[in-house]
Amino acid sequence: MQGLYVGIDLGTTFSLAAIIQDGRPLIIENAIGETLTPSVVSEDEDGSILIGAAALARTTTHPQTTAATFKREMGTSASFQVGGRRLRPEELSALVLRKLAEDVEARTGMTITEAVVTVPAYFGEAQRRATRDACALAGLTVERVINEPTAAALAYGLNHYEEDQRVIVLDLGGGTFDVSVLEILEGVIEIQGSAGDTRLGGEDFVNALVEELAPEVRAARGLVAEEPRQRAQLRAACERLKRELSEAERAPLYLPATDSAKAFERVVSREEAEAWWEPLVVRLRSPIRAALADAGVSPEEIDVALLVGGATRMPVFRRLAASLFGGRVRHELPPDEAVAMGAAVQAALKADQKDVQDLVVTDIAPFTMGISVQRRVGHRDLQGVFSPIIERGTVLPASREDEFYTIDDDQRSLLLEVYQGENTMCRDNHRLGHYSLDNLPPAKSGEVPIRVRFTYDLNGMLEVEATVGAHGRHGERVETFVVEREPGVMTPEQIKRARAAMARVKFHPRDALPNRVAIERAEELHTRLLGDARGYLRAQIVDFRGALESQDIPRISGQREELIALCRYLAEATNT
Ligand code: AMP
């Protein structure tokens, strides 16, 4: 039987999956017919788990039982309270991955054989491991974890060009801005430089609108200070305003009256908004400069600039890109879908599907990796000096070796401490793990050579091999270890237990999901409406709940469509 190979973009705000069909990437719709599945997990009143749109709608109505933006915490020991459960970022990501996988299987009627999952280029060892752990928890066989910009280049088919290409990928998502410079040479893709700002994204453009407009809104609505609900109302209106200003020169900001505030209406021009965004636009420039510098190229040397991430739709962003890269900017693919499409291309490639041209994808080590050593400076011994073994930018897979010596007479053991980072001192870098080499042969200082070999594979797994050199009657001895897991990253035993626990989690039945999403969205809208509009909606929700009790399928779907139509009408009519 032919296998099903899927590419997954596991995003901070949204995730999505794609497959290759007839030689082209195809984004798969989820159970409710949408392509973007919010990376949000929530727990229901009866203890079952909701993932995606139904969970996102509950972020305002049930914040204490809902978790979002957990991708930011991958590879750390953070955890999130979701109702009665405390879940790690890997477990939450696994729930999203599993949901995407189920949707793909339901749409295609096939079982997934293998998946390719994307991660940001700046993800370090621990974050990549945590991503793989999430895949294992979701029961997915993950062939490769690839970098998001590499996937974007694959989606644009840049690997098929005859000539060498130098590409810059500008990825402005909801919460981060990632810039990578790639070189594509005879179908081989290499990342030459990357930089980013993990605290700058589309959300900040919304926040800037909120900050600018809040005082005026407060004064006009007769409020001393906003309640959280009014703040959420203003935020939602500003998100809509931002998107509308991507299409039109002017757009309305409208806030309907609530029990404690008057209605507010005002038109905002793109020019006004762009003036408020100026400081953010200035900040966008520095990661672009840094990535170009990291790759050692000037903007003129870039052949293609790819715009990826939903927020690159903003005209102010497109102008910035055009000012640097002129007519070499490309944005034909939907910016939120390009990465998943590229992951599918890679998955199909891996599966050796005939309809995808051959290519090799290489990646680079995102950070320098090395060990801690002691160095003599004048008469003093300086501890904790970082001695790099695999330099940042080394093409992967890579295996590099360096030789070290014992420092004391009769030194019988040595602590190998593995670090990642770019600073000269280990204390300023990030510790990945350690290993104690014991039973060294007795000898004078500097007489026992220890060769340390780092082998780093395409999935970001670091294996360390230490060879203790021969001395006297002691022969050569080799010890190997995979860098110890970070605190916060799961052990195989923990993964086994978490998988078993996940198998017991009660999920909402798939066929009932559209009903559930309709209810959660309607309830969320209900919290924001007032007066007659609220009354109509309440009546319709009650009718729909009644229909659900009846188990009468045609009646349920009829009522659901009516509820969805009413929500759409009321949201538009009240601009909520
Ligand atoms: P992503 O993480 O790639 O899905 O990006 C999501 C970000 O893109 C959010 O901040 C959205 O507000 C933003 N976004 C999506 N569509 C638009 C649009 N038409 N105009 C401006 N920003 C948008």
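Biologist: Why is L185 called partly exposed?

Modeller: This is a predicted model, and in this model L185 has a relative accessible area of 36%. Buried means under 20% and exposed means over 50%, with partly exposed in between. The value of 36% falls between those limits, so L185 is partly exposed.

Biologist: Where does L185 lie, and how far is L185 from D164 in space?

Modeller: L185 belongs to strand β13, residues 177–185. Its C-alpha is 4.8 Å from that of D164, although 21 residues separate the two in sequence.

Biologist: What makes C238 and C567 buried?

Modeller: The limit for buried is under 20% relative accessible area. C238 has 0%, so C238 is buried. C567 has 14%, which is also under the limit, so C567 is buried.

Biologist: How many disulfides are there, and how do you know?

Modeller: The count is 0. A disulfide needs a pair of cysteine sulfur atoms within 2.5 Å, and by this rule the model has 0 disulfides.

Biologist: Why is strand β17 described as largely enclosed by the rest of the structure?

Modeller: Strand β17 covers residues 304–308, and 5 of its 5 residues are buried, so the strand is largely enclosed.

Biologist: Which residues of β17 cover one side, and which the other?

Modeller: V304, L306 and V308 are on one side, with A305 and L307 on the other, and all are buried. In a regular strand, side chains alternate between the two faces of the sheet.

Biologist: How do you know that β12 and β17 pair?

Modeller: Pairing requires at least two bridges between the strands. Strand β12, residues 165–172, has 5 bridges to β17, so the two pair, and the sense is parallel. In this pairing V167 stands opposite V304.

Biologist: What makes β18 a partner of β17?

Modeller: Strand β18, residues 329–330, is joined to β17 by 2 bridges. The requirement is at least two, so β18 and β17 pair. These strands run parallel, and L306 has R330 as its bridge partner in β18.

Biologist: Which strands form the open sheet with antiparallel pairing, and in what order?

Modeller: The order is β21-β20-β23-β24, which makes 4 strands.

Biologist: Why are β21 and β24 called edge strands?

Modeller: Strand β21 (380–390) and strand β24 (430–437) each pair on one side only. From one strand to the next, the twist averages 35 degrees.

Biologist: How many bridges link β20 and β21?

Modeller: Strand β20, residues 369–377, pairs with β21 over 8 bridges in the antiparallel sense. Within β20 and β21, S372 stands opposite F386.

Biologist: Which residues are closest to the ligand?

Modeller: Of the 16 residues surrounding the ligand, the closest are E239, K242, S246, G310 and A311. Helix α6 (228–247) and helix α5 (202–221) each supply at least two residues of this shell. The largest share, 4 residues, comes from α6.

Biologist: What makes the approach of E239 to the ligand a polar contact?

Modeller: A polar contact is a pair of N or O atoms within 3.5 Å. A polar side-chain atom of E239 lies 2.6 Å from a ligand oxygen atom, so the pair meets that cut-off. For G310, a backbone N or O atom lies 2.9 Å from an oxygen atom of the ligand. For R313, a polar side-chain atom lies 3.0 Å from a nitrogen atom of the ligand.

Biologist: How much of the ligand does the protein bury?

Modeller: The ligand taken alone exposes 500 Å², and the protein buries 89% of that.

Note on methods:
Residues numbered from 1 in each chain as written. Predicted model: local features only at pLDDT ≥ 70, side-chain atom pairs only at ≥ 80, totals over all residues. Heavy atoms only, no water. Buried < 20%, exposed > 50% of the residue type's maximum accessible area, 1.4 Å probe, protein only. Axes fitted to C-alpha atoms, helices over the stretch in contact; angles between N-to-C directions. Near = heavy atom within 4 Å. Polar contact = N/O pair within 3.5 Å; in protein donor to acceptor, adjacent residues only side chain to side chain. Areas by Shrake-Rupley, 256 points an atom, 1.4 Å probe, with all protein chains shown as cover.
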